[in-house]
Amino acid sequence: MNHNIILDVQGLSVNYQTYYGTVSALRDVTFKLKEKQSLGIIGESGSGKSTLAFSIMNYLASNGSTDGNILYQGENILEKSEREMVGLRGNKIAMVYQNPYSSLNPSLTIGKQLDEVTIFHRNLSKKDARKESVAILKDLYLGDAEGLVKRFPHQISGGMQQRICIAMALLCRPDLMILDEPTTALDVTTEAVILDLINDLKKRYQMSMIYISHDMGVVNKVSDNIAVMYRGEVVEYGDKKSMFHKPEHPYTRALINCIPRSGIVKEEYRLNTIPGYVRKRSIDEGGCPFLDRCGKRVENCESRYGLREIAEDHFTACDRAFAKDVADDSLIPKKVDVIEKTEDGEALNIVNLYKTFNSRGKKVRAVDGLNFSLKKNNVLGIVGESGCGKSTLGYTVTGLLKPSKGKIYFDGTDISMTWKRRSPEVLKEIQLIFQNPGRSLNPSFTIEQIIGRPMKRLLGIKSKTERRERIIEILKQVDLGKEYLKRKATQLSGGEMQRVAVARAFVLSPGLIVCDEPTSALDVSVQSSVLNLLTDLQQRSGASYIFISHDLNVVNYISDYIMVMYLGRIVEFGKRDEVTSPPYHPYTEALLSAVPDVDPALTKGAVRLEGAPPNPTKKIKGCPFAGRCHKKIGEICENVTPEPVGFGEIHSIACHLYSAD
């Protein structure tokens with residue numbers, strides 16, 4: 001046995017018995033992980049990434065069966081009994097799950113949940129267990145560790161919850177840690193802190209690591225090598241630099257090219273997409289799993305397909321990513337025609353807007369005195385961390401929430417009230433696309449009923465035949481066929497559901513659409529498709545968008561203007577290129593520096609924000625960002641509220657760095 005290899009996966013296959021037959025979830029997966037090495041695994045949803053992680057933990061469902069070997073330090077995990085696995089899980093191999101909310105018990109304090117780990121796995125006393133819990137929280141740079149152990153999960157932020165989950169994994173001092181998309185739902189600044197922390201812990205604890213994600217930029221930050229999975233197979237494997245700069249498999253190249261990045265903007269390029277979707281695989285299906293979606297396929301593909309080593313430690317099942325005998329049309333960014341914009345007046349005007357909530361007798365200032373306007377036929381991107389008021393602003397504009405103070409004018413009309421008091425014309429003109437289409441689409445309705453209902457109520461179209469014709473037309477515009485009419489939302493993929501949500505919003509021909517994180521839960525391939533769709537429909541209809549997101553690459557691609565929010569206030573506002581180029585607010589600088597680079601060769605100076613925003617229930621004196629600012633001047637930042645300073649007709653920054661004093 002080679003003692004340098006901690007994990008050796010040999011020809012692993014996993015099948016599930018389902019109502020529709022036997023489904024192949026993993027097929028002949030083979031790779032090795034060395035001690036102190038980190039492996040990133042990327043691929044779209046349905047590629048088998050999480051199934052692989054659960055197989056290593058021997059956590060498969062009862063309808064799953066395995067073939068092959070998973071050797072951990074020479075011992076086959078798949079041959080161990082459940083009793084033997086209890087000693088292995090946690091103690092030797094630990095796993096951090098994607099959703100910290102479902103991993104933590106809401107009825108137990110943080111301290112009790114952490115103590116349980118060392119009491120069970122390391123037989124510590126309650127007193128010693130608490131000492132270990134406090135020590136690990138300090139290792140994870142969580143301030144006030146003694147106070148934190150007394151809190152419940154709902155009393156801390158999502159980023160802190162994820163760090164608690166990592167702490168639970170580390171308390172057992174494992175040799176191998178598996179992280180399954182641990183930063184997908186986190187803000188870009190929190191994600192940056194967690195990724196830095198993971199790198200630091202790997203070195204400090206001398207661990208090996210498997211990091212699962214669909215984001216190439218995230219994987220680049222924490223991995224030495226990368227494995228690309230598709231429909232249950234590892235289609236390419238190698239070190240991250242060679243995988244990015246010279247991918248051999250067409251799927252690897254297509255995934256990289258889907259990601260929005262600096263310099264790719266809607267005025268010049270369309271984002272790349274991968275046609276089709278990830279299909280389930282039967283055990284009878286052989287050959288190349290990517291064949292039906294591949295832009296480089298030729299007649300002899302099947303006979304040449306198979307994982308092989310093409311360079312030292314670089315394996316691929318196909319080497320046609322840059323094949324010259326097929327044009328590169330589907331794999332390079334497409335130039336677009338110059339877009340001529342007409343900006344006839346203001347679509348939206350916000351004047352001194354406030355929205356407060358009552359929490360245990362205290363007022364929470366979610367939106368704290370906003371003033372801005374949005375011109376017609378334009379997209380305003382709103383960025384900021386969770387809790388900055390982005391979604392509250394969106395819900396107030398759409399009428400789901402009533403303003404506490406201030407005015408909202410749409411096309412010159414005062415709409416500072418809830419949707420119940422708005423006219424049918426205004427309801428038709430302002431639409432909302434939610435973050436999670438699975439929750440915003442009625443699971444008991446067909447797609448025809450979901451899209452047809454607002455047409456009947458707001459457009460007054462009583463004829464079912466007329467509605468169906470319009471629905472088929474709008475489905476065609478979002479690249480869905482009429483065969484979707486009778487399907488229900490639960491029968492659709494995440495990307496298809498989001499397309500239906502977009503169709504429902506556009507069928508009313510609105511003048512303003514609020515998009516609340518519409519791509520945050522999607523694979524990069526589906527995300528690029530939805531962004532292209534939103535861009536096309538906006539240009540065709542002349543509608544204005546408020547596009548809310550914490551992904552600055554996405555906002556940079558689709559927006560004409562960008563507004564940066566912090567604790568309910570606007571800290572910077574301007575045209576896209578003005579906000580993303582210096583001078584900018586220190587908070588904007590931190591957001592931009594936190595965006596992971598897709599190219600592993602690129603490195604930039606990172607600004608890491610320490611601490612948390614101030615308590616929103618207390619009146620803030622001075623600049624709300626002062627306590628976390630890396631460019632803080634002095635007492636003026638703590639005592640005087642900064643006024644917006646203009647850098648042109650549109651661009652303004654609320655920071656004492658740029659004030660006349």
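**Notes on the predicted model**

1. Starting with a turn: in the hairpin of β4 and β5, two residues sit between the strands, and Gln73 takes a positive phi near 50°. This is a predicted model, so read the angles in these notes as values computed from predicted coordinates. The hairpin's strands, β4 and β5, run antiparallel and are joined by two bridges. Tyr72 has Glu75 in β5 as its bridge partner.

2. The sheet around that hairpin is worth a look. It is an open sheet of four strands, in the order β2-β1-β4-β5, with antiparallel pairing. The edges belong to β2 (21-34) and β5 (75-76); each has a single partner strand, so one side of each is left without a neighbour in the sheet. If you want to check the register, β1 (residues 5-18) pairs with β2 over ten bridges, in the antiparallel sense, and Val14 has Leu26 in β2 as its bridge partner. On the β4 side, β1 pairs with β4 (residues 64-72) over eight bridges, again antiparallel. There, Asn15 stands opposite Ser65 in β4.

3. Two other backbone spots deserve a glance at phi. Most residues other than glycine have a negative phi. Asn123, however, has a positive phi near 55°. Its place is the loop between α4 (110-122) and α5 (126-139), and Asn123 is exposed, with a relative accessible area of 67%. Asp313 also has a positive phi, of about 60°, without being a glycine. Asp313 belongs to the loop between β12 (308-311) and β13 (314-316); with a relative accessible area of 44%, Asp313 is partly exposed.

4. There is a cis peptide bond to note too. Most peptide bonds are trans. The one from Pro582 to Pro583 is cis, with omega near 0°. Pro583 lies in the loop between α21 and α22.

5. What happens to α22 itself: is this helix enclosed or open? Eight of its nine residues are buried, so α22 is largely enclosed by the rest of the structure. The buried set is Pro586, Tyr587, Thr588, Glu589, Ala590, Leu591, Ser593 and Ala594. So what covers them? The cover includes helices α8 (188-205), α20 (552-558) and α21 (576-579), along with strands β17 (379-383), β23 (561-566) and β24 (569-575).

6. Strand β24, part of that cover, also holds Arg569. Is this arginine buried or exposed? At 16% relative accessibility, Arg569 counts as buried, because the cut-off is under 20%. Leaving aside neighbours within four places in sequence, Arg569 is in contact with Asp368, Leu370, Val564, Ile620, Gly622, Pro624 and Thr641.

7. Asn532 is another polar residue to inspect; this one is in helix α19 (residues 524-541). With a relative accessible area of 4%, Asn532 is buried. Asn532 and Leu271 are 261 residues apart in sequence, yet their C-alpha atoms are 6.5 Å apart. Which residues does Asn532 touch, not counting those up to four places away in sequence? They are Arg270, Leu271, Thr273 and Tyr557.

8. Now the nonpolar interior. The largest nonpolar core has 66 residues, and Ile451, Leu534 and Phe547 touch the most other members. Helix α18 (residues 494-506) supplies the largest share of this core, with seven residues. Around Ile451, the contacts beyond four places in sequence are Ile471, Ile474, Leu475, Val500, Ala503, Arg504 and Val507. A second, separate core has 37 residues, among them Leu142, Ile164, Ile198 and Tyr211.

9. Last, the surface. Ile633, Ile636, Val640 and Leu657 make a nonpolar patch of about 300 Å². Ile633 sits in the loop between α22 (586-594) and α23 (635-639). With a relative accessible area of 49%, Ile633 counts as partly exposed.

Terms used:
Residues numbered from 1 in each chain as written. Predicted model: local features only at pLDDT ≥ 70, side-chain atom pairs only at ≥ 80, totals over all residues. Heavy atoms only, no water. Patch = residues over 30% accessible without salt bridge, like charges linked within 9 Å, V, L, I, M, F, W, Y side chains within 5 Å. Areas by Shrake-Rupley, 256 points an atom, 1.4 Å probe, with all protein chains shown as cover. Salt bridge = Lys/Arg side-chain N within 4 Å of Asp/Glu carboxyl O. Buried < 20%, exposed > 50% of the residue type's maximum accessible area, 1.4 Å probe, protein only. Core = buried A, V, L, I, M, F, W, Y, C linked by side-chain atoms within 4.5 Å. Contact = heavy atoms within 4.5 Å. Pairing = 2+ DSSP bridges.
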